[in-house]
Amino acid sequence: VGERRRTRRYHLLTRVDILVAGDTNVSWGSMSNLSWTGVALCARQFLKPGQGVTLRFRFQGEEGREVTESLVAKVIWRNGDSVGLEFEPPLTTGSPSLQQAAHLVAHLMLKEA
């Protein structure tokens, strides 16, 4: 029996684009973990605590269509190639980030279910 879905599903890819404030270059990192307040990445680009960035998350749809969502974050910690970033603002009730990252929010809700 085939599964019927009301909406298309998008799968979060682990690659995250990193756009540093004031820089035109785009680098990337591999997502280690994700929460409502931030993300941990493995990134070779040097990011220092307190630095502001924009993170671009990529989703792949069933038909191959790609969707991207961007969130502003601040570097909280760094240990070698591992870096922790906090969303500004976090994905909390009433936050404008919730509307900017509908697919990311759906992914987090699915993982918690």
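**Entry 1. Strand E3**

How many of the five residues of E3 are buried? I began with this strand in the predicted model and found that four of the five are buried, so E3 is largely enclosed by the rest of the structure.

I then looked up the partners of E3. Strand E2, residues 26-34, runs antiparallel to E3 and is joined to it by four bridges. A hairpin of three residues leads from E2 to E3. Within this pairing I noted methionine 31 opposite leucine 41 of E3.

E3 is also joined to E6, by five bridges, and these two strands are antiparallel as well. Here valine 39 stands opposite leucine 85 of E6.

**Entry 2. Confidence**

I checked how far the prediction may be trusted. The average pLDDT of the protein is 87, and 91% of the residues score at least 70. Where is confidence lowest, and where is it highest? It is lowest in H1, with a mean of 85, and highest in E6, with 96. I kept in mind that predicted coordinates should not be read in detail where pLDDT is low.

**Entry 3. The nonpolar core**

I turned next to the largest nonpolar core, which has 25 residues. Which of its members touch the most other members? They are Leu41, Leu55, Phe57, Leu85, Phe87 and Leu104. I then listed the elements that each supply at least two residues of this core: strands E1 (10-20), E3 (38-42), E4 (52-61), E5 (66-79) and E6 (82-87), together with helix H2 (102-112). As background, I recalled that nonpolar side chains tend to be buried together in soluble globular proteins.

**Entry 4. Phenylalanine 87 and its ring partner**

I listed what phenylalanine 87 touches, leaving out residues up to four places away in sequence. Among its contacts are Leu34, Ser35, Trp36, Thr37, Gly38 and Val39. The list also includes Leu55, Phe57, Leu71, Val72, Ala73 and Leu104.

I then searched for aromatic pairs and found one in the structure. The ring centres of phenylalanine 57 and phenylalanine 87 are 6.2 Å apart and the ring planes stand at 75°, so the pair is edge-to-face. Phenylalanine 57 belongs to strand E4 and phenylalanine 87 to strand E6, so that the pair links distant parts of the chain, 30 residues apart. Both phenylalanine 57 and phenylalanine 87 are buried.

**Entry 5. Leucine 12**

I located leucine 12 in strand E1. Is leucine 12 buried or exposed? Its relative accessible area is 17%, and I recorded leucine 12 as buried. Beyond its neighbours within four places in sequence, leucine 12 is in contact with Met31, Leu34, Phe57, Arg58, Phe59, Leu104 and His107. I also noted its distance to valine 67: the two are 55 residues apart in sequence, with 9.5 Å between their C-alpha atoms.

**Entry 6. Salt bridges**

How many salt bridges does the count come to? I recorded five. In general, side chains of opposite charge can pair when their charged atoms come close.

Aspartate 17 forms a salt bridge with arginine 15, with 3.4 Å between the closest N and O atoms. Aspartate 17 counts as buried at 1% relative accessibility, whereas arginine 15 counts as partly exposed at 40%.

Aspartate 17 also meets arginine 58 in a salt bridge, at 2.5 Å from N to O. Aspartate 17 is in strand E1 and arginine 58 in strand E4, so this pair ties together parts that are 41 residues apart in sequence. Arginine 58 is buried, as is aspartate 17. I entered Arg15, Asp17, Arg56, Arg58 and Glu66 as linked in a network of salt bridges.

A further salt bridge joins lysine 74 to glutamate 88, the closest N and O atoms being 3.8 Å apart. This pair links distant parts of the chain, with lysine 74 in strand E5 and glutamate 88 in the loop between E6 and H1, 14 residues apart. Lysine 74 counts as partly exposed at 29% relative accessibility, and glutamate 88 is partly exposed with a relative accessible area of 37%.

**Entry 7. Serine 95**

I closed with a residue of the loop between E6 and helix H1 (96-100), namely serine 95. Serine 95 is buried, with a relative accessible area of 5%. Apart from residues up to four places away in sequence, serine 95 touches Pro89 and Pro90.

Methods:
Residues numbered from 1 in each chain as written. Predicted model: local features only at pLDDT ≥ 70, side-chain atom pairs only at ≥ 80, totals over all residues. Heavy atoms only, no water. Core = buried A, V, L, I, M, F, W, Y, C linked by side-chain atoms within 4.5 Å. Buried < 20%, exposed > 50% of the residue type's maximum accessible area, 1.4 Å probe, protein only. Contact = heavy atoms within 4.5 Å. Phe/Tyr/Trp six-rings, centres within 6.5 Å; stacked < 30°, edge-to-face > 60°. Pairing = 2+ DSSP bridges. pLDDT = per-residue confidence, 0-100. Salt bridge = Lys/Arg side-chain N within 4 Å of Asp/Glu carboxyl O.
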